[in-house]
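Thanks for coming. I will go through pockets, a cavity and some helix packing, in that order.

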Amino acid sequence: MGTVAQTTKQPGIDQLCINTIRTLAMDAVQQANSGHPGAPMGLAPVAYTLWQQFLRFDPDDPIWPNRDRFVLSNGHASMLLYSLLHLSGVKAVNPKYEQLGELAVKMEDIKRFRQLDSKCPGHPEYRWTSGVETTTGPLGQGVSNSVGMAIASDWLAQHFNRPGFEMFDFKVYAICGDGDMMEGISGEAASLAGHLQLKNLCWIYDNNHITIEGHTDLAFDEDIAARFAGYKWNVMHVLDANNTEALAAAFARFAAGTGKPTLIVVDSHIAYGAPHKQDTAAAHGEPLGEEEIRLTKKFYGWPEDAKFLVPDGVRENFAAGVGKRGKQARDEWMKLFDAYRAKYPEMAARILQMQHRELPEGWDKNLPTFPADAKGLATRDSSAKVENAIAENFPWLIGGSADLAPSTKTLLKFDGAGDFEPGNYAGRNFHFGIREHAMGGVLNGLSLSKIRPYGSTFLIFSDYMREPIRLSAVMEVPVIYVFTHDSIGVGEDGPTHQPIEQLVALRAIPGLITLRPGDANEATEAWRVIMQLSHEPAALVLSRQALPTLDRTKYASAAGVAKGAYILADAEDGKPELLLLATGSEVFLAVEAYEILKMDGIRARVVSMPSWEIFDHQPDEYRESVLPSGVTARISIEQASTMGWQRYVGPRGRMIGMHTFGASAPLKELQKKFGFVPERVVATAKELLGKAR
Ligand SMILES: Cc1ncc(C[n+]2csc(CCOP(=O)(O)OP(=O)(O)O)c2C)c(N)n1
Ligand SMILES: [Mg+2]
């Protein structure tokens with residue numbers, strides 16, 4: 001704590017606060033010898049004005065449901081956010097929502113920026129640092145999350161608000177940079193936001209003309225204002241990031257409401273005030289250097305040798321601004337909530353359930369079971385029935401598709417489900433348009449707002465949204481991804497639409513639960529598993545083509561799905577000499593081969609293995625009981641890359657899978673061409689057992 005001589009460059013406390021943000025960023029990056037000082041320095045007046053004068057955010061309770069959301073989409077500028085969290089005294093909460101009372105970001109954390117266990121990691125991490133609303137760093141993700149949050153604000157308002165009870169009306173602010181604007185996902189997300197007329201959404205674009213390689217002229221000279229006008233946004237331009245009055249006027253205009261999303265283009269200077277590095281790429285991603293820092297501090301009228309200085313009055317000023325306004329808003333909301341609870345107890349309980357990611361009572365009461373049926377149905381169709389049955393009893397399960405709902409079958413069809421669109425923000429069916437990448441980002445934003453979202457497309461296009469899927473897992477938010485058309489079973493559409501490497505790619509994401517059910521009853525059980533996840537995202541992988549519904553009086557119950565893998569059909573004495581491991585559409589193929597082998601006197605066991613991840617988490621004894629280590633004759637069967645199956649089939653096993661791209665032809669021909677026929681499985685089994693003739 002120290003004092004700073006007031007010079008003409010420090011006309012008041014606001015400037016002092018702004019320069020505190022700047023110097024903390026400079027000092028932290030220098031100390032870490034790593035990081036991005038330039039953007040926080042340029043943006044400090046923007047973020048300060050927003051937080052101090054507009055953001056409804058209570059530092060004592062950074063998770064109250066109707067708080068405004070602040071997203072730092074240019075996550076590399078993380079020191080900007082950490083400085084704000086520290087200076088406004090945001091309190092830490094643990095993931096269970098028990099207030100801990102400590103500061104979310106202590107000075108010690110800032111001094112240990114980018115070091116192990118510091119609450120100030122390189123990029124902002126949701127769940128790790130309280131007050132961070134979403135994990136950012138991969139450019140473009142944060143702005144797409146903000147669209148999901150703004151949708152959530154409107155949906156929650158429509159769902160919960162009653163006359164005299166504005167339970168939800170929060171605004172969503174996202175700061176973004178040139179990188180966010182260049183990434184295609186920002187265009188997808190902005191286009192969707194404009195279409196949906198998300199009036200609570202405000203992006204602030206740090207127009208500093210600098211990226212890593214140099215001036216943006218190198219690669220980027222589009223007319224951003226024209227672009228966003230085209231998206232039907234309200235666009236404003238602040239010509240100087242240091243003009244806090246102009247900034248405040250722009251925010252006030254947004255707050256007054258325009259019926260559209262708002263973009264504020266702010267012309268700024270990266271590393272503002274650094275005599276040799278301002279407006280250069282050198283200020284983007286490396287420390288300014290001790291000497292440059294001294295000169296910059298001198299320019300700010302700061303003590304040149306002071307480090308991590310928070311002058312007297314700065315914290316108090318934040319407390320009197322964002323702190324006081326936030327607490328008042330939060331306390332009023334809590335009072336309103338009490339009255340709401342008295343009048344609408346069920347709705348109030350629902351708000352709390354959502355906040356804690358709990359399941360509504362009776363959510364699973366109508367889960368369908370499917371009778372044995374040789375013709376069967378596609379798992380996309382059985383899944384559709386299950387999803388609809390759950391959603392009717394799960395009011396905040398909402399989602400949609402990237403223009404493929406007629407194919408992925410994820411539409412909610414019961415009365416009152418409705419479409420989410422301007423004029424009907426209570427709708428539960430989303431039309432994301434052909435924007436897979438933004439869909440993933442929006443789903444994350446919805447989930448961060450405690451809605452339970454799902455999104456669907458073809459499995460092949462999961463690659464378009466891989467980053468948001470990964471971020472769901474990083475953030476531990478339970479987004480549900482529904483991927484249909486899961487193999488060469490797609491048939492005539494050919495290799496461009498036939499997933500090969502997507503399954504293993506999804507399985508490689510830590511924390512993501514991938515499930516590929518083998519028939520209709522496994523689809524029911526897969527949904528049962530997924531709905532009970534509160535911190536893991538799930539990828540539900542479904543077939544386009546019909547799969548026989550197994551006779552569960554003859555074969556084991558589909559309840560085994562809950563364990564990831566289970567014995568579906570066994571050798572009569574329970575002592576198999578051969579294991580057939582399969583998922584999804586290949587489960588029935590394994591059963592067919594099993595029946596043939598049985599007639600030939602071969603003792604096979606079929607293991608249905610819808611989820612590797614869940615199986616891997618079972619106790620050793622269970623895994624050993626399903627895959628006895630003594631049985632080394634094992635065959636995996638899956639219409640996908642065989643990568644990864646080695647660890648289940650072992651060194652003596654065989655893998656029947658895809659080693660090339662598929663082809664365009666009717667399914668039956670493809671199955672023959674690529675060897676997904678019982679004869680091939682049987683021949684492989686006999687060869688493996690040394691029983692081939
Ligand atoms: C998707 C993605 N691609 C690349 C990067 C690496 N990267 C980090 S910052 C940056 C430049 C960003 O420029 P800008 O948004 O203008 O930030 P400024 O230099 O103005 O702070 C790049 C390419 C990234 N973080 N995410
Ligand atoms: Mg830039």
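Pockets, cavity and helix contacts

In the lining of the largest pocket, the residues divide into 13 nonpolar, 8 polar and 11 charged. Before I go on, please keep in mind that this is a predicted model.

Staying with that pocket, its volume is about 630 Å³. The lining is made up of 32 residues, and the ones that lie nearest the centre are Val 93, Asn 94, Pro 95, Arg 127 and Ser 130. Which strands each supply at least two residues of this lining? They are strand E2, residues 91–93, and strand E3, residues 99–103. The largest share comes from E3, with 3 residues.

Next, the second largest pocket. Here the volume is about 400 Å³. There are 17 lining residues, and Phe 588, Glu 592, Lys 668, Gln 671 and Phe 676 are the closest to the centre. Three elements come up in this lining: strand E17 (546–549), helix H19 (586–599) and helix H23 (667–674) each supply at least two residues. By class, the lining of the second largest pocket has 9 nonpolar, 4 polar and 4 charged residues.

Now the enclosed space. How many cavities of 30 Å³ or more does the structure hold? The count is 1. About 30 Å³ of space lies in the largest cavity. Its lining consists of Trp 51, Leu 55, Phe 57, Asp 68, Phe 70, Leu 81, Gly 131 and Glu 133. Sorted by class, that lining has 5 nonpolar residues, 1 polar residue and 2 charged residues.

On to the helices. Two packed helices are described by the angle between their axes and the distance between the axes. I have three pairs to show, and two of them involve H11.

The first pair is helix H2, residues 38–53, with helix H9, residues 244–256; they pack at an angle of about 50°, and their axes are 10 Å apart. That angle makes H2 oblique to H9. The crossing of H2 past H9 is right-handed. On the H2 side the contact is made by Pro 45, Val 46, Thr 49, Leu 50 and Gln 53, and on the H9 side by Thr 244, Leu 247, Ala 248 and Phe 251. Of the residues in this contact of H2 with H9, 6 are nonpolar, 3 are polar and none is charged.

The second pair is helix H3, residues 78–87, with helix H11, residues 314–343. Their packing angle is about 85°, and the axes lie 9 Å apart. Are H3 and H11 roughly parallel or roughly perpendicular to each other? Angles of 65 to 115 degrees count as roughly perpendicular, and H3 and H11 are therefore roughly perpendicular. H3 brings Leu 84, His 86 and Leu 87 to the contact, and H11 brings Val 314, Arg 315 and Phe 318. In the contact of H3 with H11 there are 4 nonpolar residues, 1 polar and 1 charged.

The third pair is helix H1, residues 13–32, again with H11; here the angle is about 110° and the axes are 10 Å apart. That makes H1 roughly perpendicular to H11 as well. From H1, the residues Ile 13, Asp 14, Leu 16, Cys 17, Thr 20 and Ile 21 meet Val 314, Asn 317 and Phe 318 in H11. By class, the contact of H1 with H11 has 6 nonpolar, 2 polar and 1 charged residues.

One point to take from the last two pairs: Val 314 and Phe 318 of H11 take part in the contact with H3, and Val 314 and Phe 318 also meet residues of H1.

That is the end of the slides.

Definitions and conventions:
Residues are numbered from 1 along each chain as its sequence is written. Chains are lettered from A and ligands numbered from 1 in the order in which they are written. This is a predicted model: local features need pLDDT of at least 70, side-chain atom pairs count only at pLDDT 80 or more; totals for chains, interfaces and linings use all residues. Side-chain values use heavy atoms; hydrogens and water are left out. Axes are lines fitted to C-alpha atoms, for helices over the stretch in contact, and angles run from 0 to 180 degrees between N-to-C directions. Helices (H or I, at least four residues) and strands (E, at least two) are DSSP runs, numbered from the N terminus. Angles under 35 degrees count as roughly parallel, over 145 as roughly antiparallel, 65 to 115 as roughly perpendicular and the rest as oblique. A crossing is left-handed if the near helix is turned anticlockwise from the far one by less than a right angle, and right-handed if clockwise. Contact means heavy atoms within 4.5 Å. Ala, Val, Leu, Ile, Met, Phe, Trp, Tyr, Cys and Pro count as nonpolar, Asp, Glu, Lys and Arg as charged, and the others, Gly among them, as polar. On a 1 Å grid over the protein atoms alone, a cavity is a set of points where a 1.4 Å probe fits but cannot get out, and a pocket is an open set with protein on both sides within 12 Å along at least five of seven lines; lining residues have an atom within 4 Å of a point. Grid points are joined across faces, edges and corners, and a volume is the space filled by probe spheres set on the points.
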